[in-house]
Structure formats: C-alpha cells, structure tokens
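Open the model in your viewer and keep the sequence panel visible. The stops below can be selected in the order given.

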Amino acid sequence: MSVDVIDFFVLTGFLGSGKTSLLRDVLSAETASDTAVIVNEAGEIGLDGVLLRESGDDVPMAMLSNGCVCCQVGSDLAFTIDRLIMAPRPAGLPPLRRIILETSGLSMPGPVLRQLATLAEHRMRVAVIATYDLTRGLAVATFEEAAAQWAAAHRIIATKADLAPQASTEALVAIAQLNPVAEAIADADRAAVVSAAFAPLTASLPLREVAPELAAAHPRLALCLVRPLSEIAYADLASWLDNVAGRLGERLLRIKGLVKVHEAPRPLLVESVGTVFSPPRQLTAATPPSPFIVVIARDIVRAELEQVEPTGLFTFSWREPESRTAAPRGIRAEWVT
C-alpha cells in the first residue's frame, strides 16, 4: 500500500489525438515504476490496453471496458482506484506516486472527476491533461467533447510535432485563447514534452496573470475575465459560484481564479471543472497575481453571467463567440445526475 501523496492524472483528448502514444512514452521511461494505469475505452475490445502492455509490463494496469466512463451512473472506476492504492507494492518497486486514467476520446472530464469524490480519504492531487493534435489544431473544436476537454485541462499537451513541426508556435496562441489558465506544453523535443506532461503536480507553474485582450477562438465558446471590484465576503463569493453553476449547468466548462476575501489573509484559489468544484484554498505564492476569475462556458450570452446574484461584486471582460447569427444546435446532457 502507498503512503505517499498520489498524483492522479485524467488523460483526455479527442479521438486520434495521440493519448495512447503519449502514455506509451511515459511507461517506457525508467521513472514509470511508481505509476499505475487505468484504461477506459468505449467498445468491447480494449486495444489501447494491449498496446500499453508492450511498453510497461511491470506497470499495474486496470481495464474499464464498460463503455465511456463519463456516461456511467455507477461504474467501477472508484473501486479500481481504491484497489490500486491499497494493494501491496511488489518487492523492489517504489511506493505508488502516480495514477494515470486514459479516458475514451469522447469522455467529458467533469463527470469523471465527480466519480472521484468518494475517494477523498486518499487525498490525491488531481489534474486533467488534454492532448492538442497539431495536425488538426482547432478543427475538432466543433465537437463539444473536444471543447470540454480543453476547457477543463490543467495542462494541454501539443502532440504529433513530428508531423507538423511548424505548428507549435501557433498552437501556443490557440491554446491560450481556448484556456488561458492551462499550462501549455509544446516542444519539438518529445522526451521533454512527455516529462512535462506528467511532472509532479507540486512542480506545476504558479497561477499567472491573464491578459485582458481576449481573442475569439471558437464559434460557440465564450470566455469571461471576471475582476472583483474589491475584497469581498466569503459567503458572497460562495453564493455567486453556486449561482453560476446553477444557471449555466452543463454549459459551464471551467472556472479558475484568485479572489481576496475578508476572512482569509491570502487570496483564495477557486476552481471547477464543469460544476465540480475543488475546495477553495489559500494561495501560498509570495507574489500572487491580481485577483481574477476566468469563466469558460458554451452557448451563453453576457446577461446570464452578469446578472448572477449577488450582483455588483465584479467587472466583466468578454471574449465572445465570433458569430451569434446561427442558432446553437442541440447539445446532449454532459453531467450525470
């Protein structure tokens, strides 16, 4: 059984974007001995698991073949994670420090994270890692699954640099427009990319200032930079976040930012993937950015966010979709109830 704090990575990305190749490279490294892998595929034949076995014979691996894990009201994901953590480690191997869940290319990150709520006792650090296919770029952003994966990500990894060597610079700009609070990793050095993608979460970049000049990158995604007018009461912040989630529902893709509240000496880090919120915590950085909240949502208008109660706490700077002329097409429910 592991006694160390475990980093849990939800590896997501649209169909064919290079998730399995990225994971194979991780498992081929000498540092993979502290890693366990869970593979979830939609379909009866788990080909990804077979491919991964070729890379890491000594890596504990579990297969979830009951369909897309984000679509299950009750699945064996939590049980599998608990079993991996509690199982005795083989002789000669280091403690378990990292678990990677490779999701289906059609998985939504929010419902996956919701299933981890029952594992709070293990106190895992959790992050969403999304792949960005340099050969296709923003072309797949028309699929709401891809947009939700990028919006939810803590790190976005540019893949297939060998096939599109000139696209890395443009990718960094596109990623910043899609999700300005994500850490973007794009490098021609594949080993450097693999290492950075699954680096310990304590080594991740600190929260940084978000530029107010926001350009449109997607026809259905709206990004809003919310600035507190002053220090506010924690109860008001909590009410506002709850009301944002209640009003936007499955259209809310991401919230992340810093807010100074009366009750805490340091700014609070607030964060959600969809409507799944992490517990707020005080930021320990010596020089934190100015307070802000980034909200990424789909198919909304300004008034929906600006009229959320309690009003009068924030200013709003918008990057709206490029066109409002076409009516949005039907959206299937994203969250499991």
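Is Asp-34 buried or exposed? Select Asp-34 in this predicted model: its relative accessible area is 15%, so it counts as buried.

Next, add Arg-98, whose side chain meets that of Asp-34 in a salt bridge (3.9 Å, N to O). Asp-34 sits in the loop between α1 (19–28) and β2 (35–40) and Arg-98 in strand β4 (residues 98–102), so the pair ties together parts 64 residues apart in sequence. Arg-98 is buried too, at 12% relative accessible area.

Keep Arg-98 selected and show the second largest pocket, with a volume of about 300 Å³. It is lined by 16 residues, and those closest to its centre are Thr-31, Arg-98, Phe-198, Ala-199 and Pro-200. Two elements, β1 (7–12) and α7 (190–197), each give two or more residues to this lining; α7 gives the most, with 3. Colour the lining by class to see 9 nonpolar, 2 polar and 5 charged residues.

Move to Asp-133 and Lys-160, whose side chains form a salt bridge at 3.1 Å, N to O. Asp-133 is in strand β5 (residues 125–133) and Lys-160 in the loop between β6 (155–159) and α6 (168–178), 27 residues apart. Asp-133 is buried at 4% relative accessibility, while Lys-160 is partly exposed at 23%. Add Arg-136 to complete a salt-bridge network with these two residues, Asp-133 and Lys-160.

Finally, select helix α5 (residues 144–152), where 9 of 9 residues are buried, Trp-150 among them.

Conventions
Residues are numbered from 1 along each chain as its sequence is written. This is a predicted model: local features need pLDDT of at least 70, side-chain atom pairs count only at pLDDT 80 or more; totals for chains, interfaces and linings use all residues. Side-chain values use heavy atoms; hydrogens and water are left out. On a 1 Å grid over the protein atoms alone, a cavity is a set of points where a 1.4 Å probe fits but cannot get out, and a pocket is an open set with protein on both sides within 12 Å along at least five of seven lines; lining residues have an atom within 4 Å of a point. Grid points are joined across faces, edges and corners, and a volume is the space filled by probe spheres set on the points. Helices (H or I, at least four residues) and strands (E, at least two) are DSSP runs, numbered from the N terminus. Ala, Val, Leu, Ile, Met, Phe, Trp, Tyr, Cys and Pro count as nonpolar, Asp, Glu, Lys and Arg as charged, and the others, Gly among them, as polar. Buried means under 20% relative accessible area, exposed over 50%, partly exposed in between (1.4 Å probe, protein chains only). A salt bridge is a side-chain nitrogen of Lys or Arg within 4 Å of a carboxyl oxygen of Asp or Glu.
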